[in-house]
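Colleague: Could you take me on a close look at the empty spaces inside this protein, and tell me what surrounds them? I am new to this, so please go step by step.

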Amino acid sequence: MKYAVYQTEIVPASPEVNRKNVSTWVTEIVQQNKPDTIVLPEMWNTGYALTELDSAADLNSQPTKSFLQDLAKTYSINIIGGSISNKKGGKIYNSSLVFNRNGELVYQYDKIHLVPMLDEHLYLAGGQKKVQVFELDDVKMGLIICYDLRFPELARMIALEGAQVLHIVAEWPSARKDHWRALQIARAIENQFFVVSGNTVGSCNGTEYAGESMVIDPWGTIVAAGSSKNAETITASIDLSIVPKIRKEVPVFSSRVPEMYDF
Ligand SMILES: NC(=O)CCC(=O)C(=O)O
């Protein structure tokens, strides 16, 4: 499966501008690279412009849902739609949408863990539905959003449901960039799946973002990575046949002793 990741700078509280940028990037990357699957970053419609979300956020995932649906269908690509600020029932969520090549919505998820260091919990509501696995091109996959990465339980649940790829969509600050790198590699090694992440660069309200979007294989090797400063596209083809081979060589899943774990 061939991936292209959109590592970009988000224009705060400017969803129309950000949609235009995504649309231009998708058109170009499809012509240049013909990816099977593209990955967008976290909160790409508005960024962390928290005090402006009330007017800038989507309403019930629109217009982003129709926008991404059209792109997926037009270019016959799978879209891991990053996440968006999204108003539903009077609350704002950090919501992800995933579309297959036919433009069908195959998965939606609201970020469970809200990040206190960015005041997210003061403006957004946490998701109430557990993570699940979805399929694109017959491959089982999962998705978590940024701060969720610090809670290994989610990645493990996704692995136990049979995922071979974990996507992490993020707006992870430079102040904790060493954690960003180490935790992604750890999730790939401990769950023996591919990790494909999309992070942002640039800054919003004094917070600088760390870039370093990555494709990591199930051995923990970084296959491709973005820089820490530049808006750029990260591309990589992943060979899923190595997943069962690595799981056979280091049989973590058959060595698990769940009855000895208390949570
Ligand atoms: N957008 C985020 O969830 C940032 C997470 C973060 O800053 C951290 O875990 O550190």
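Modeller: Let's begin with the lining of the second largest cavity, which divides into 4 nonpolar residues, 3 polar and 1 charged. Keep in mind that this is a predicted model. The residues around this cavity are Tyr 6, Thr 8, Glu 9, Ile 10, Asn 18, Asn 21, Val 22 and Trp 44. Helix H1, residues 15-33, gives the largest share of that lining, with 3 residues. The space inside comes to about 40 Å³.

How many cavities of 30 Å³ or more does the structure hold? There are 2 of them. The largest cavity has a volume of about 70 Å³. Try finding its lining on your screen: Val 115, Met 117, Leu 118, Cys 146, Tyr 147, Arg 150, Trp 172, Pro 173 and Arg 176. That lining has 7 nonpolar residues and 2 charged ones, with no polar residue.

Now for the pockets. The largest pocket holds about 300 Å³ of space. Its lining is made of Pro 152, Glu 153, Arg 156, Met 157, Leu 160, Glu 190, Arg 256, Pro 258, Tyr 261 and Phe 263. Sorted by kind, these are 6 nonpolar and 4 charged residues, and again no polar ones. Which helix supplies the largest share of this lining? It is H5, with 5 residues.

To place that helix, turn to the sheet beside it. An open sheet of 6 strands runs in the order S8-S9-S10-S11-S14-S15, and its pairing is mixed. At the edges sit strand S8 (134-136) and strand S15 (222-225), each pairing on one side only. From one strand to the next, the twist averages 25 degrees. Within the sheet, strand S9 (residues 139-145) and strand S10 (residues 165-169) pair in the parallel sense over 5 bridges. One pair to look for is Leu 143 with His 167, its bridge partner in S10. Helix H5, residues 152-160, packs on the sheet and touches S9 and S10. The direction of H5 makes about 170 degrees with that of S9. Helix H6 (residues 177-191) packs on the sheet too, touching S10, strand S11 (194-198), strand S14 (214-216) and S15. Its direction makes about 30 degrees with that of S14.

Finally, a word from the records. An unreviewed UniProt entry annotates residues 1-240 as "domain: CN hydrolase". In this model, that span is 26% helix and 30% strand, and its end C-alpha atoms lie 8 Å apart.

Methods:
Residues numbered from 1 in each chain as written. Predicted model: local features only at pLDDT ≥ 70, side-chain atom pairs only at ≥ 80, totals over all residues. Heavy atoms only, no water. Pairing = 2+ DSSP bridges. Helix = DSSP H or I, 4+ residues; strand = E, 2+ residues; numbered from the N terminus. Axes fitted to C-alpha atoms, helices over the stretch in contact; angles between N-to-C directions. Contact = heavy atoms within 4.5 Å. 1 Å grid on protein atoms, 1.4 Å probe; cavity = no way out; pocket = protein on both sides within 12 Å on 5 of 7 lines; lining within 4 Å. Points joined across faces, edges and corners; volume = space filled by probe spheres on them. Nonpolar A, V, L, I, M, F, W, Y, C, P; charged D, E, K, R; others polar. UniProt positions renumbered as here; feature names shortened; annotations may be inferred.
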